[in-house]
Amino acid sequence: MLQNAMPALALLALMVGLAFALKWARHRLPGAVGHSGPPMQVLSSLSLGPQQRVVTVQVGQGADRVCLVLGVSPGSVNALHHMPLPADLVDATPNPVTPATGFAARLAQLTQPNKANPHAPR
């Protein structure tokens, strides 16, 4: 029985080793990871159906920022509208990070060290 399982176990070990090697190479090789284009930020997304969305994306930095409205479907992405952002909005971009509530807030509270009393039980 073990003789029949050895080739399968060897193949499994080879596949796991290959997965770890690819993960290691992805972080170490130049150009393998990263975004080489202009910085982008998704401002909003609206679902129109099971596979169609309208997405508002901010592209660029500083005074060169442009807001794009994109129609996204499984087979394509179409630009519906584009406009430069006004100068007063360039510096006052909304912060996409919202404060954590519920389980996430409680977990963050428990994992951060207690600065007032570092020896207090958690």
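This report covers the sheet, the core and a surface patch of a predicted model.

**The sheet**

The sheet is open and holds 4 strands. Their order is E1-E2-E3-E4, with antiparallel pairing. Strand E1 (40–47) and strand E4 (76–84) are the edge strands. Each of these two pairs on one side only. From one strand to the next, the twist averages 20 degrees.

**Two hairpins**

Strand E2 spans residues 53–59, and strand E3 spans residues 66–73. The two run antiparallel and are joined by 7 bridges. They form a hairpin, with 6 residues between them. Glycine 60 lies in the turn. Its phi is positive, about 100 degrees.

E3 also runs antiparallel to E4, and 8 bridges join this pair. E3 and E4 form a hairpin too, here with 2 residues between them.

Some residue pairings across these strands are listed below.

| Residue | Opposite residue or bridge partner |
|---|---|
| Valine 55 | Leucine 70 in E3 |
| Valine 59 | Valine 66 in E3 |
| Cysteine 67 | Methionine 83 in E4 |

**The nonpolar core**

Which residues make up the largest nonpolar core? There are 5 in all: Val55, Val57, Val59, Leu70 and Val72. E2 and E3 each supply at least two residues of this core. The largest share comes from E2, with 3 residues.

The core and the strand pairing share some residues. Val55 and Leu70 both belong to the core, and valine 55 stands opposite leucine 70 in E3. Val59 is another core member; across from valine 59 stands valine 66 in E3.

**The surface patch**

Helix H1 covers residues 2–28. Phenylalanine 20 has its place in this helix. Is phenylalanine 20 buried or exposed? Phenylalanine 20 has a relative accessible area of 57%. The cut-off for exposed is over 50%, so phenylalanine 20 counts as exposed.

Phe20 is also part of a nonpolar patch on the surface. The other members are Leu2, Met6, Leu9, Leu12 and Val16. Together, the patch residues have about 630 Å² of accessible area.

**In brief**

The model has an open sheet of 4 strands with antiparallel pairing. Its largest nonpolar core draws at least two residues from each of E2 and E3. A nonpolar patch on the surface includes Phe20, a residue of helix H1.

Definitions and conventions
Residues are numbered from 1 along each chain as its sequence is written. This is a predicted model: local features need pLDDT of at least 70, side-chain atom pairs count only at pLDDT 80 or more; totals for chains, interfaces and linings use all residues. Side-chain values use heavy atoms; hydrogens and water are left out. Two strands pair if DSSP finds at least two bridges between them. Axes are lines fitted to C-alpha atoms, for helices over the stretch in contact, and angles run from 0 to 180 degrees between N-to-C directions. Patches are made of residues with over 30% relative accessible area and no salt bridge: like charges are joined within 9 Å, nonpolar side chains (Val, Leu, Ile, Met, Phe, Trp, Tyr) within 5 Å. Accessible areas come from the Shrake-Rupley method with a 1.4 Å probe; for residues, only the protein chains shown count as cover. A salt bridge is a side-chain nitrogen of Lys or Arg within 4 Å of a carboxyl oxygen of Asp or Glu. Buried means under 20% relative accessible area, exposed over 50%, partly exposed in between (1.4 Å probe, protein chains only). A nonpolar core is a set of buried Ala, Val, Leu, Ile, Met, Phe, Trp, Tyr and Cys residues joined through side-chain atoms within 4.5 Å.
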